[in-house]
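Reader: I'm new to reading protein structures. Can we go through one together, step by step?

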Amino acid sequence: MKSRGVLLLLLPFLMAGCKGEKRMTQYGEMYRERPAILYIAPVVDKSERRAVRSIEDSVYNAAVNAAVKQLYLTASNPLVFNGYYVLGPMASAQLAATENRTVKQLRNENINDYYDDLGIDAVLFLTVNSWSSTHNSWTVEVEYTLRSTRTGSEVMHSVVKATKLLPTDFKGRPLPLGEDRAFAEKYGCDLETAQRCRLVETLNLFVLKDLPAGNRARPVSIERYVPTHAEYYNLQINPDGSVMIVPDDEEQ
């Protein structure tokens, strides 16, 4: 009876796995290599800035700059939670300062020295492709690439277009959530900056917690058979703070 009960508990996961790509397929290289120590390379920011002609232009540029920094600083949290060892900000800054190669070269050329000399198993690359916004929404597209330092292969690749929506009042003005106001107060920033920073923080959490569990995490036997995210998808943070994947034709 006990084994039957366990089977009934696992059945929803196994059935869901039949509908989409499983982790063992999406992350086959990661399961084979089992990277343990990760380094997050400096963010490549391809998004446009505004020519400064007004205070609003300066505010926009400052908000985007802060969000890019927040993207980098919060990428390690879900990785550590998921059982990986990630170089801290100070060690990463020192490593980046002594690196003669560009981030583009690190992504495309031989990086075996990171494994042979430093014991780093994989490098995570973050690329901000674009930003857009409306009166009550903020959207960013970010590309995530995890590259093995032993084989040079990409063991993970995702491109995600994420949107954060806010409710509005009767005049159509956005109403920040309590968490947004708390963030702005804690870091002494405006609400525009808080929206963008909270957007990329949630994005990191959603994308990187989807990776297979690292060596320091408790193993789960059914993990490889649970469905995972697609390589390209759209993410939406709803006005109530909930998060969901939406098809292309349902984007806000």
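Author: Here come some questions and answers about this predicted model.

Reader: Okay, start simple. How many helices and strands does the protein chain have?

Author: Let's count up the secondary structure along the protein chain. Helix H4 covers 55-74 and helix H10 covers 191-208, while residues 137-148 make up strand E5. The total comes to ten helices and eight strands.

Reader: And what is the radius of gyration of the protein chain?

Author: For 252 residues the globule rule gives 18 Å. The chain's own value is close to that, so it is as compact as a globular protein of that length. If you prefer a box, the C-alpha atoms fill one of roughly 60 × 55 × 35 Å along the principal axes. The radius of gyration itself is 20 Å.

Reader: What share of contacts joins residues at least 24 apart?

Author: Here we look at contacts between residues at least 6 apart in sequence. Among those, the share that joins residues at least 24 apart is 67%.

Reader: What percentage of the residues count as buried?

Author: Buried means under 20% relative accessible area. Going by that cut-off over the 252 residues of the protein chain, the buried share is 42%.

Reader: So is there a nonpolar core? Which helix gives the most to the largest one?

Author: The largest nonpolar core has 43 residues, and those with the most contacts inside it include Trp131, Met156 and Leu203. One helix supplies seven residues to this core, and that top contributor is H10.

Reader: Which residues is Leu203 in contact with, leaving aside neighbours within four places in sequence?

Author: Leu203 is one of the core residues with the most contacts inside that core, along with Val140 and Tyr144. Both of those turn up again in its contact list. With close sequence neighbours set aside, the partners are Val140, Val142, Tyr144, Val160, Ala162 and Leu235.

Reader: How many residues does the second core have?

Author: This core is separate from the one we just discussed. Tyr39, Ala41, Ile111 and Phe125 are among its members. The total is ten residues.

Reader: Now the pocket! Which element gives the most to the lining of the largest pocket?

Author: The largest pocket holds about 160 Å³ of space. Its lining includes Glu56, Val59 and Tyr60 as well as Glu192 and Arg196. H4 and H10 each supply at least two lining residues. With three residues, the one that gives the most is H4.

Reader: How many charged residues are in that lining?

Author: Arg50, Glu56, Glu192 and Arg196 are all in the lining, and Arg and Glu belong to the charged class. The lining also has three nonpolar and three polar residues. The charged count is four.

Reader: Is Thr139 buried or exposed?

Author: Thr139 lies in strand E5. Leaving aside neighbours within four places in sequence, its contacts include Trp131, Ala162 and Leu199. Its relative accessible area is 9%, which is under the 20% cut-off, so Thr139 is buried.

Reader: What about Asn82, in a loop: buried or exposed?

Author: Asn82 sits in the loop between helix H5 (76-81) and strand E3 (85-86). Beyond its neighbours within four places in sequence, Asn82 is in contact with residues including Leu208, Pro212 and Ala217. At a relative accessible area of 11%, Asn82 counts as buried.

Reader: Which value does phi of Arg34 come near?

Author: Most residues other than glycine have a negative phi. Arg34 sits in the loop between helix H3 (28-33) and strand E1 (37-40), and counts as partly exposed at 32% relative accessibility. Its phi is positive, near 55 degrees.

Reader: How far apart in space are Ser54 and Asn129, C-alpha to C-alpha?

Author: Ser54 lies in the loop between strand E2 (44-45) and H4, and is partly exposed at 28% relative accessibility. In sequence, Ser54 and Asn129 are 75 residues apart. In space, C-alpha to C-alpha, the separation is 24 Å.

Reader: Last one: what is the relative accessibility of Asp190?

Author: Asp190 is found in the loop between helix H9 (178-187) and H10. Its C-alpha atom is separated from that of Lys164 by 16 Å. Asp190 counts as partly exposed, with a relative accessibility of 34%.

Technical notes
Residues numbered from 1 in each chain as written. Predicted model: local features only at pLDDT ≥ 70, side-chain atom pairs only at ≥ 80, totals over all residues. Heavy atoms only, no water. 1 Å grid on protein atoms, 1.4 Å probe; cavity = no way out; pocket = protein on both sides within 12 Å on 5 of 7 lines; lining within 4 Å. Points joined across faces, edges and corners; volume = space filled by probe spheres on them. Helix = DSSP H or I, 4+ residues; strand = E, 2+ residues; numbered from the N terminus. Core = buried A, V, L, I, M, F, W, Y, C linked by side-chain atoms within 4.5 Å. Buried < 20%, exposed > 50% of the residue type's maximum accessible area, 1.4 Å probe, protein only. Contact = heavy atoms within 4.5 Å. Rg over C-alpha atoms; globule rule 2.2 N^0.38 Å.
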